[in-house]
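Dear colleague,

I am handing over the structure we spoke about, together with some notes on what was found in it. Please read them with the structure open beside you.

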Amino acid sequence: MKTKGKTKTGFGNFLTDVISISDFSREDIEKVLAEAKRMDEMPRNKKSELLKNTVVASLFFEPSTRTRLSFETAAQNLGARIIGFADPNVTSTKKGESLSDTIHMVENYADIIIMRHYIEGAAKRAAEISRKPIINAGDGANQHPTQTLLDLYTIKKEFGKIDGMKIAIAGDLKYGRTVHSLMYALAMFNNITVYLISPESLKMPRYIIDDTKSSLKIFETQNMDKYLQDADILYATRIQKERFPDEIEYEKVKNAYVVDLAMLKKAKPGIKVMHPLPRVNEISVEIDNTPYALYFQQAANGIPVREALFYLLRGVSK
Ligand code: CP
């Protein structure tokens with residue numbers, strides 16, 4: 001978390017933006033999870049004025065269903081007003097306006113700015129420009145810190161703990177920003193094992209493994225079945241077609257892994273399947289109504305987690 005802010009927040013230090021999960025300490029993450037639990041348990045009529053007179057800007061330069069709609073629902077649940085766009089083609093970006101100028105404008109209109117952008121580092125750049133807090137809703141293949149916070153919230157809610165978990169992470173580990181943030185977050189907890197399952201061409205970037213290997217026990221494989229007897233969670237991810245420079249390369253790996261019932265019946269009893277969604281065909285729909293499926297609940301947990309972030313960022317001015 002950056003510490004240049006002047007306004008003290010509910011984090012107990014000087015949070016001003018949510019850009020990278022690496023800006024958080026474990027204590028910060030636990031603060032968000034505790035606040036999210038409080039939001040989860042609070043009746044909607046009790047929280048409907050917590051962000052009264054706050055304007056939230058929702059700037060989505062890339063497609064989204066869950067992240068945008070859950071942020072906007074969270075803001076409305078707390079009584080905030082929302083401005084923004086889901087399609088940059090209807091904005092002056094289309095006429096050539098720079099990201100810097102867009103942020104300079106929006107900081108005059110809004111108190112908190114959520115931004116998803118296709119360029120890695122765009123959220124960090126926006127945070128350097130803006131006097132108002134920026135929340136990174138995903139920047140290219142780099143990071144998706146609020147997804148990670150809801151992933152951790154989901155794990156804690158389901159298993160009662162994060163320490164000691166064994167998590168198999170499968171799919172596109174190269175371009176999948178959710179799993180990049182997740183690796184850094186898990187490295188802040190104790191005794192975590194991660195099994196990284198991917199095609200050779202989509203392995204977790206080396207720098208992330210190097211950054212986390214002193215805290216995590218990491219095993220890499222291309223074989224989906226190899227560690228499922230040991231894993232508490234199978235975290236599946238979509239092959240990120242839109243990030244491939246070459247469609248032929250995508251065609252080679254697009255059906256690399258499909259989680260089905262037969263596979264899970266051979267896995268550790270009680271294993272849960274998570275996925276940041278959207279899925280294409282990585283998880284067979286036959287799983288959806290079984291006790292294995294945690295992914296829809298995971299997506300629903302985006303609301304209390306994002307309410308918590310808004311609450312903790314309220315009133316911040318840099
Ligand atoms: N998990 C996630 O980021 O989903 P959306 O792309 O639909 O926002």
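A polar contact, as the term is used here, is a pair of N or O atoms within 3.5 Å. Please keep in mind that this is a predicted model.

By that definition, a backbone N or O atom of T65 makes a polar contact with the ligand, lying 2.8 Å from one of its oxygen atoms. Side chains take part as well: an N or O atom in the side chain of S64 is 2.6 Å from a ligand oxygen atom, and for the side chain of R116 the corresponding distance is 2.9 Å. The protein covers 92% of the 250 Å² of accessible area that the ligand has on its own. The residues surrounding the ligand also include R66, T67, H144, Q147, P276 and L277.

Turning to the fold, there is an open sheet of five strands with parallel pairing, in the order β7-β6-β5-β8-β9. Because β7 (217-221) and β9 (272-274) stand at the edges with a single partner strand each, one side of each is left without a neighbour in the sheet. Neighbouring strands are turned by 20° against each other on average, direction ignored.

Strand β8 (residues 233-236) pairs with β9 in the parallel sense over three bridges, and Y235 stands opposite M274 in β9. Helix α6 (residues 145-159) packs on the sheet, where it touches β5 (166-170), β8 and β9, and its direction makes about 165° with that of β9. Helix α7 (residues 177-186) also packs on the sheet, touching β5, β6 (193-197), β7 and β8, with its direction at about 160° to that of β5.

With best regards

How values were computed:
Residues are numbered from 1 along each chain as its sequence is written. This is a predicted model: local features need pLDDT of at least 70, side-chain atom pairs count only at pLDDT 80 or more; totals for chains, interfaces and linings use all residues. Side-chain values use heavy atoms; hydrogens and water are left out. Two strands pair if DSSP finds at least two bridges between them. Helices (H or I, at least four residues) and strands (E, at least two) are DSSP runs, numbered from the N terminus. Axes are lines fitted to C-alpha atoms, for helices over the stretch in contact, and angles run from 0 to 180 degrees between N-to-C directions. Contact means heavy atoms within 4.5 Å. A residue is near a molecule or strand if one of its heavy atoms lies within 4 Å of it. A polar contact is a pair of N or O atoms within 3.5 Å; within protein, one must be able to donate a hydrogen and the other to accept it, and residues adjacent in sequence count only if both atoms are side-chain atoms. Accessible areas come from the Shrake-Rupley method with a 1.4 Å probe; for residues, only the protein chains shown count as cover.
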